[in-house]
Each structure stands twice: as C-alpha cells, then as structure tokens.
Amino acid sequence: MILFWHRRDPRTRDNAGLAAAARAATADDPVVPVFVYDADLLGTMGARQRAFLLRHVSALEDRYRELGSDLVVRAGEPGEVLPSLAAEYGADAVFYNEHYRAAERNRQRRVEDALAGAGVETDARTDLVLVDPGRLERSYPNHSQFHDDWQQVPKREPYPEPDADALADVSDGKTVPEPDADIDLPPAGYRAARQRYDDFLDVGITSYNDTRDDLPRAVEAPTQAVSRMSPYLSTGAIGIRELWAGAGDVYDAVTGGERRNVDKYRYELSWREQMYHLLYYNPDLAVSNYKSFPNEIAWRDDDAAFEAWTAGETGYPLVDAGMRQLNQEGYIHNRPRQVVASFLTKHLLIDWRRGARYFTKQLIDHDYASNHGGWQWTASTGTDSVDVRIFDPVSQAAKYDDGARFIREYVPELEDVPAGKVIDWPTLSRRERETLAPEYAHPIVGRNEGYERAQRVFEEALGKR
Ligand SMILES: Cc1cc2nc3c(=O)[nH]c(=O)nc-3n(C[C@H](O)[C@H](O)[C@H](O)COP(=O)(O)OP(=O)(O)OC[C@H]3O[C@@H](n4cnc5c(N)ncnc54)[C@H](O)[C@@H]3O)c2cc1C
C-alpha cells in the first residue's frame with residue numbers, strides 16, 4: 001500500500017502529491033488516503049478557519065466514499081501516527097505535499113525521520129504554488145522583478161483526480177470532530193470552491209481590474225467585484241493550477257479590454273506566489289523585519305489604541321468599516337486590508353506583529369505567507385520598493401468608497417450622515433461630529449499628527465533625519 005497524507009490540501013482534484021501517489025499505485029499497492037487530526041497544529045488556527053478546514057475534510061471523506069474508498073482519520077502527532085498507520089496497512093511509501101512554514105517543515109522532518117526509522121519511503125511534492133520557489137532567484141528588490149522571472153516559468157496543467165482503481169477499498173469509521181455549528185461560514189469543500197470560481201469566471205473576471213478596488217461594488221456584488229477565492233485557496237479546498245487554468249481559458253476566449261482584466265487577475269495570483277517565495281527563503285518572516293532599518297523603530301505600546309483598532313472604534317470610518325468586516329465575516333477586502341494595516345503601523349505606530357496576530361485569529365482566509373508578507377509590506381518593513389508608504393485613510397475612502405456605501409454597510413452609526421461628511425469625519429470639528437452622529441467615535445489620533453509622526457520615526461530609522 002501507499003499512504004497519502006493530506007495536510008492542508010483537502011481535495012482529490014489538482015493535488016500534486018495525491019496524483020503522484022496514484023501514478024505510483026498498482027492493483028496490489030493502491031493509495032490509502034489519510035488525515036491526521038493534530039490538535040496542537042489545529043489549535044494555532046483561528047476558530048473560523050479551523051471550522052472551515054474541518055468542513056472541507058468532511059466533504060473530502062464524502063468524495064472518497066463516492067470513489068469507493070475512504071479517508072482514514074487518526075488523531076495525534078503525525079510523527080507517531082503515520083509510522084503506525086504504515087505498519088497497520090503494510091505501506092512502504094508515504095506521499096504528501098510540501099509546506100513552507102517553519103513549524104510545518106519541522107513537523108514534516110519529524111515525520112520523515114520516523115518513517116525512515118521504520119523503513120518507509122517518503123515522497124514530497126510541490127503543490128502550493130505554480131512555480132517552485134527553488135526555481136527562482138533567492139530575492140527580488142520588488143514585485144515586478146519577481147513577476148518578470150516568475151511569468152517565464154511554464155505553468156502546469158491541473159492534476160487529475162485519481163481513478164477509483166488507484167484507491168484502496170478501505171472503510172474507516174472515524175471522522176473529524178463536527179465544527180461549531182454556530183460559526184457562519186461559506187459553503188465548504190472542493191465543489192463549493194469550484195462553484196464559486198465558475199461563477200466568478202462567468203461574471204467577474206472580465207471586469208476584475210475595473211472592480212477590484214470598487215468598494216460600493218464589493219458590497220453590492222461581493223463575489224463579482226473580487227473573486228473571494230482566498231478562503232478556499234488558503235485552506236487548500238481548490239488547487240492553484242485549477243485557478244490558473246480557468247483564468248487562462250477565459251483569457252483565450254475574450255479579446256481587448258476583457259483580456260486585460262483577466263490578466264490582472266493572473267497578476268494578482270503572482271503576489272501570492274511571491275509571498276510563498278519570501279517565506280521559503282525567509283522562514284522567520286512572521287517574527288523578524290525583512291528589512292533591517294525598522295529594527296531601530298520604537299513601536300508604541302498603546303493598548304487602548306490597539307483595542308480601539310480591533311473593535312473598529314478608531315473614528316476613521318474606512319478603518320472601522322474594514323475592522324468590523326473582519327470581525328463579522330472573517331474576511332476583509334484587500335483595499336481596507338491595506339488601509340487598516342497601514343493605520344495600525346503608521347498612524348498608531350503599533351508593531352505590525354500585533355496586527356498580524358489579530359488577523360491570524362480572525363481571518364477565514366489566513367495564509368501564513370500572505371498575511372505576514374502583507375503586513376510587512378504595508379508596515380514598510382517588507383519587500384516594498386518605496387521606503388515609507390503611508391495610506392491616508394481619508395483620501396483612500398474618498399477615492400475607493402464613493403458615496404460611503406461600504407462604510408455605511410459596516411458602520412451603521414453613520415447611516416444618516418451625508419456621504420461627504422462620512423468621508424471627512426476625522427477632519428470635522430468635534431462639535432459637528434457630535435451633532436451628526438453622537439454615537440460614533442471621535443478620531444483617536446489626528447490625521448496629520450499620525451502621518452507626520454510615522455514619517456519622522458521611519459525617516460529617523462532610515463538615517464534620513
Ligand atoms: C495586511 C495584509 C494581510 C493579508 N493577509 C492575507 C491572508 O492571510 N491570506 C490571503 O489569502 N491574503 C492575504 N492578503 C492579500 C489580499 O488582501 C487577499 O489575498 C485578498 O484580499 C483576498 O480576497 P480575494 O480572494 O477576493 O482576492 P482577489 O482580488 O480576487 O485576488 C485573487 C487571489 O489573488 C491572491 N492575491 C491577491 N492579492 C494578493 C496579495 N496582495 N498578496 C497575496 N495574494 C494576493 C489571493 O490568493 C486571492 O485570492 C493580505 C494583504 C494584506 C495587505
């Protein structure tokens with residue numbers, strides 16, 4: 001027998017390691033699919049994302065049963081569980097997919113050592129990304145140079161689902177714990193992911209570049225303005241090659257402006273690839289500044305401001321709308337995602353690691369590479385080619401939330417305030433704010449004061465002052 005160890009890849013389609021295991025399978029040595037319920041690892045995830053992942057695993061079990069097999073589920077440390085399962089099933093090889101997070105790599109090494117000790121072979125595949133980071137340079141000064149190299153590497157087609165014949169005729173009575181039914185989640189599993197993507201390919205991708213920053217549109221048609229594929233991608237419910245191929249098919253079928261929109265979507269996927277590339281070569285991405293100059297920055301230890309930020313009570317309407325979207329849905333649109341991260345690290349001068357930890361707990365689409373890479377980029381400690389980038393939360397709202405539709409959706413205290421006043425809220429007089437919306441917060445830091453302080457502190461760290 002051959003074991004396939006499902007990690008964060010609860011799908012049978014477009015799964016590199018599973019496809020490789022199926023290719024190696026014979027009639028006498030079919031594949032036994034396995035999921036190890038590792039409470040320690042699952043405990044590091046936010047409750048929402050953990051529940052979503054476990055729902056995918058239940059859907060995966062159903063799929064294996066449709067194929068005449070089953071998912072073997074065991075609880076414990078993979079380094080102990082996998083050798084014991086290999087002995088139980090007489091397996092002489094275990095296949096799985098690579099991960100780049102240091103804790104996952106260490107876990108994988110423990111598994112490999114334990115299996116080697118038991119005389120069982122291991123086979124690890126690249127599945128998470130379209131281009132293996134090892135095929136590219138170690139570092140790039142900016143995204144466009146990364147993209148130049150990355151786009152030249154040919155991309156694979158999606159891997160097929162294994163034939164039923166390649167799978168062992170096993171039956172396993174065990175399953176993962178039923179996640180908390182009260183947690184409101186999108187539909188789970190590969191089919192739901194595929195459906196979401198098909199809908200976006202039908203309506204959305206050919207206007208993506210025009211709508212991706214349009215916040216009113218994101219309220220009116222949330223899954224058309226952007227794809228909302230990140231929850232599925234980050235939990236492995238769908239493979240990245242499938243997304244690439246789907247976008248490629250639409251690209252081939254359209255022309256002109258529509259093509260440019262599709263291309264923009266593919267370009268955005270390259271950001272995700274760059275974040276994995278970054279993590280691959282910088283395993284301490286979540287804890288250490290990527291650039292060294294920010295090591296000089298004395299971040300402010302302001303618990304009250306941090307609490308106001310997490311609660312969406314900063315008195316900056318776009319920041320508060322974004323944080324409330326995050327708290328309510330476990331998702332935050334990319335535009336406010338950047339604005340809230342910039343506000344915390346620049347206007348409030350609070351350490352990006354605190355913000356990243358909060359996101360980790362809340363996000364249903366938390367991705368170790370994209371989250372920490374995204375925080376570092378926004379905090380100007382990361383790969384951005386600009387030394388200090390500060391998003392002005394007022395002009396961002398004016399530019400991207402015309403009519404304050406997004407803000408009003410999440411900040412009902414501002415429902416009856418004219419749109420122009422909502423946008424300018426932090427710059428109005430206290431008296432005017434109290435007249436317009438007495439329930440809503442006053443700004444916890446001045447717009448110019450926060451901006452200038454950040455500018456000064458970063459420039460001092462850069463040795464420019
Ligand atoms: C501070 C911060 C934290 C972030 N944390 C995460 C995270 O934990 N998980 C996560 O998936 N993304 C993260 N991002 C990136 C981005 O905000 C989300 O990928 C995007 O908003 C997801 O929504 P979508 O699927 O509708 O995106 P779409 O606009 O439809 O984009 C399609 C896909 O492209 C990829 N993508 C787009 N932009 C980026 C980007 N800047 N970086 C990496 N991948 C990108 C994602 O896989 C996304 O699903 C973060 C960005 C910032 C600034």
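In the predicted model, the largest nonpolar core comprises 124 residues, of which L3, F4, V31, L82, V94 and I407 touch the most other members. The surroundings of F4 illustrate the packing within this part of the chain. When neighbours within four places in sequence are set aside, F4 is in contact with G17, L18, A21, V31, P33, V34, F95 and Y96. One of these partners, V31, is itself listed with F4 among the core residues that touch the most other members. In soluble globular proteins, nonpolar side chains tend to be buried together.

The chain is divided into domain 1 (residues 2-126), domain 2 (190-281) and domain 3 (293-461). The centres of domain 2 and domain 3, taken over C-alpha atoms, lie 25 Å apart. To the contact between these two domains, domain 2 contributes 14 residues and domain 3 contributes 19 residues. On the side of domain 2 that touches domain 3, at least two residues are supplied by each of α9 (215-220), α11 and α13. Helix α13 provides the largest share of that side, 5 residues. Classified by residue type, the same side of domain 2 consists of 10 nonpolar, 2 polar and 2 charged residues.

Domains 2 and 3 also both take part in the surroundings of the ligand, each giving at least three residues to the shell. This shell is made up of 27 residues, the closest being V226, S227, N334, N371 and G374. Two or more residues of the shell are given by each of α11 (230-234), α13 (256-281), α16 and α18 (368-378). In composition, the shell has 10 nonpolar, 10 polar and 7 charged residues.

Helix α18, one of the contributors to the ligand shell, is largely enclosed by the rest of the structure, because 11 of its 11 residues are buried. The buried set consists of Y368, A369, S370, N371, H372, G373, G374, W375, Q376, W377 and T378. It thus includes N371 and G374, which are listed among the residues closest to the ligand. The buried residues of α18 pack against α13, α16 and α17. After the helix comes S380, which has a positive phi near 65°.

Helix α15 (residues 317-329) is likewise mostly covered, with 10 of its 13 residues buried. The helix extends 18 Å from its first C-alpha to its last, close to the 18 Å expected at 1.5 Å a residue. Its buried residues are P317, L318, V319, D320, A321, G322, M323, R324, Q325 and L326. The elements covering them include α14 (303-311), α16 (334-347), α17 (352-362), α19 (393-400), α20 (405-410) and α21 (419-423). Just after α15, the backbone of G330 adopts a positive phi of about 70°.

Positive phi values also occur at residues other than glycine. R228, which is not a glycine, has a positive phi of about 55° and is found in the loop between α10 (222-225) and α11. Because R228 has 20 C-beta neighbours inside 10 Å, it counts as buried. A404 likewise has a positive phi of about 55° without being a glycine, and is found in the loop between α19 and α20. With 26 other C-beta atoms within 10 Å, A404 is therefore buried.

Two further positions, H147 and E137, were examined individually. H147 is placed in helix α6 (residues 143-152) and counts as partly exposed, because it has 16 C-beta neighbours inside 10 Å. Apart from neighbours within four places in sequence, H147 is in contact with Y267 and S270. Between the C-alpha atoms of H147 and R217, which are 70 residues apart along the chain, the separation is 28 Å. E137 is placed in the loop between β5 (121-125) and α6. With 11 C-beta neighbours inside 10 Å, E137 therefore counts as exposed. The C-alpha atoms of E137 and D303 are separated by 40 Å, the two residues being 166 residues apart along the chain.

Key
Residues are numbered from 1 along each chain as its sequence is written. This is a predicted model: local features need pLDDT of at least 70, side-chain atom pairs count only at pLDDT 80 or more; totals for chains, interfaces and linings use all residues. Helices (H or I, at least four residues) and strands (E, at least two) are DSSP runs, numbered from the N terminus. The expected span of a helix is 1.5 Å times one less than its number of residues. A residue is buried if 20 or more other C-beta atoms lie within 10 Å of its own, exposed if 12 or fewer, and partly exposed in between; C-beta atoms are placed from the backbone. Two residues are in contact if their C-beta atoms, placed from the backbone, lie within 7 Å. A residue is near a molecule or strand if its C-beta atom, placed from the backbone, lies within 6 Å of it. Ala, Val, Leu, Ile, Met, Phe, Trp, Tyr, Cys and Pro count as nonpolar, Asp, Glu, Lys and Arg as charged, and the others, Gly among them, as polar. Domain bounds come from an automatic or database domain assignment. A nonpolar core is a set of buried Ala, Val, Leu, Ile, Met, Phe, Trp, Tyr and Cys residues joined through C-beta atoms within 7 Å.
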